[in-house]
Structures are given as structure tokens and as C-alpha cells.
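Open the model in your viewer and keep the selection panel at hand. The stops below tell you what to pick next and what is there.

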Amino acid sequence: MVSFFSRDRAGGSSFSGRTQLLMVGLLCLLPSSFLITEPAYSQDRPLRIIVFGAHPDDCEIRAGGTAALWARHGCKVKFVSVTNGDIGHWGMAGGALAQRRTREVQEAAKILGITTEVLDIHDGELLPTLENRRLMTRLIREWDADIVIGHRPNDYHPD
């Protein structure tokens with residue numbers, strides 16, 4: 001399994017957050033023929049990719065185009081929003097906002113040709129608990145992910 005935006009086995013970061021974003025950006029500029037030239041992984045099993053974002057819309061904004069390319073080439077892609085996005089809007093909050101943002105990412109997933117899931121954790125309240133680590137591990141294993149993509153490990157925001 002490959003993990004982008006994470007620490008290496010020795011505990012150090014292999015690239016800075018800015019360098020990682022630049023690398024992903026450069027990959028997005030390549031023609032799709034450079035990204036995947038043959039059916040993904042094998043004829044029997046497509047490459048499976050899971051992308052974690054803090055809030056509904058993070059994955060879509062940062063990896064939507066690439067996910068659409070992967071899906072078009074036969075990969076199975078899943079976006080996971082680890083919070084429900086129930087705050088952070090100028091005019092609404094709570095359950096109504098969480099439901100709206102969930103509908104928006106579900107519609108985006110249909111357009112991109114991927115799968116999506118929004119976890120019911122309040123925005124701004126994601127904690128590094130054993131329960132949450134188990135939840136993320138379970139999601140990765142259930143998806144049977146070959147590639148795991150997430151945020152950089154050092155960020156000012158708790159989510």
C-alpha cells in the first residue's frame with residue numbers, strides 16, 4: 001500500500017507539504033496517457049484508491065480531476081470526508097448544512113464516476129483517538145485500498 005502525504009518508515013517527512021502539493025499539481029498537468037496507459041492494476045482487479053479529506057468538498061477540490069481520470073481508466077476511487085461539514089458557512093449551520101454538503105459531494109461523485117462517504121463527526125471536532133484510528137483503518141481495509149491519499153501530517157486545523 002502506498003501512502004502519500006505521510007511520514008516515512010524512519011519517522012521523518014519525505015517531502016514538505018508545499019513540495020507534495022506541487023508534485024500532485026504537476027501530475028494533474030500531465031496528459032492522461034502519462035498517468036495510466038494500460039488497464040489499471042490487472043484485468044482481474046482494478047487499482048483501488050481511497051482519498052481522505054477533512055470536510056465535504058476537500059477531496060473534490062484537491063483530487064476531483066485526477067479521480068475522474070483514474071475512474072475513466074478503470075480504477076475504483078473512493079472519497080471520504082472525515083467530518084460532516086456542519087459549520088463554516090456564512091448563512092447556515094448544523095444538520096441542514098451537513099445534509100446540503102453531503103448531497104453536494106454525492107452529486108460530485110456521480111459526475112466523477114467514483115464512490116463517496118461522509119462520516120458523521122462534527123466539523124472541527126475530529127480527535128486523534130484510538131476509535132477514530134480504528135475507523136480510518138477499517139475504511140481503508142474495507143475498500144481494499146492499494147493507494148491511500150490524505151492531508152499532510154502537520155496542519156493548523158484539528159480535522
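Select C59. This cysteine is buried, at 2% relative accessibility; buried means under 20% relative accessible area, exposed over 50%, and partly exposed in between (1.4 Å probe, protein chains only). Now add C75. C75 is buried too, with a relative accessibility of 4%. How many disulfides does the count come to? Zero, where a disulfide is a pair of cysteine sulfur atoms within 2.5 Å.

A word on what you are viewing. This is a predicted model: local features need pLDDT of at least 70, side-chain atom pairs count only at pLDDT 80 or more, and totals for chains, interfaces and linings use all residues. Residues are numbered from 1 along each chain as its sequence is written, and side-chain values use heavy atoms, with hydrogens and water left out.

**The whole chain**

Switch to cartoon. The protein chain has five helices and five strands. These are DSSP runs, numbered from the N terminus: helices are H or I with at least four residues, strands are E with at least two. Trace the chain along its sequence and the pattern reads β-α-α-β-α-β-α-β-α-β.

Colour by burial. Of the 159 residues, 37% count as buried. Then show the surface. The accessible area of the protein chain is about 10000 Å², and carbon and sulfur atoms hold 56% of that area. The areas come from the Shrake-Rupley method with a 1.4 Å probe; for residues, only the protein chains shown count as cover.

Turn to contacts, meaning heavy atoms within 4.5 Å. Take those with a separation of 6 or more in the protein chain: 75% of them join residues 24 or more positions apart.

**The cores**

Select I49, V51, V77, F79 and I114. In the largest nonpolar core, which has 15 residues, these five touch the most other members. A nonpolar core is a set of buried Ala, Val, Leu, Ile, Met, Phe, Trp, Tyr and Cys residues joined through side-chain atoms within 4.5 Å. At least two residues of this core come from each of β2 (48–53), α3 (58–72), β3 (76–81), α4 (94–112) and β5 (147–149). Which element gives the largest share? α3 does, with four residues.

Centre on F79. Leaving aside residues up to four places away in sequence, F79 touches V51, C59, E60, A63, G64, A67, L112, I114, T115, T116 and E117. Your starting cysteine, C59, is among them.

Next, pick V80, L126, W143 and A145. They belong to a second, separate core of 14 residues.

**The α3–α4 pair**

Show α3 and α4 together. Their axes lie 9 Å apart and make an angle of about 30°. Axes are lines fitted to C-alpha atoms, for helices over the stretch in contact; angles run from 0 to 180 degrees between N-to-C directions. The two helices are therefore roughly parallel to each other. Angles under 35 degrees count as roughly parallel, over 145 as roughly antiparallel, 65 to 115 as roughly perpendicular and the rest as oblique.

Show side chains at the interface. From α3, E60, G64, A68 and A71 meet V105, A108 and L112 of α4.

Stay in α3 and select T66. T66 is buried, with a relative accessible area of 13%. Draw a C-alpha line from T66 to L112: 9.4 Å in space, 46 residues in sequence.

**Two aspartates with positive phi**

Most residues other than glycine have a negative phi. Go to D57, in the loop between β2 and α3. Its phi is near 110°, a positive value. Is D57 buried or partly exposed? D57 is partly exposed, with a relative accessible area of 30%.

From D57, draw a C-alpha line to S81. The distance is 7.9 Å, across 24 residues of chain. Beyond residues up to four places away in sequence, D57 touches R101 and V105.

Follow that contact to R101, in helix α4. R101 is buried, at 13% relative accessibility. Its contacts, not counting residues up to four places away in sequence, are H55, P56, D57, G85, I87 and D123. The C-alpha atoms of R101 and G85 are 6.6 Å apart, with the two positions 16 residues apart in sequence terms.

Finish at D144, in the loop between α5 (130–143) and β5. Its phi is positive as well, about 55°. D144 is partly exposed, with 42% relative accessibility.
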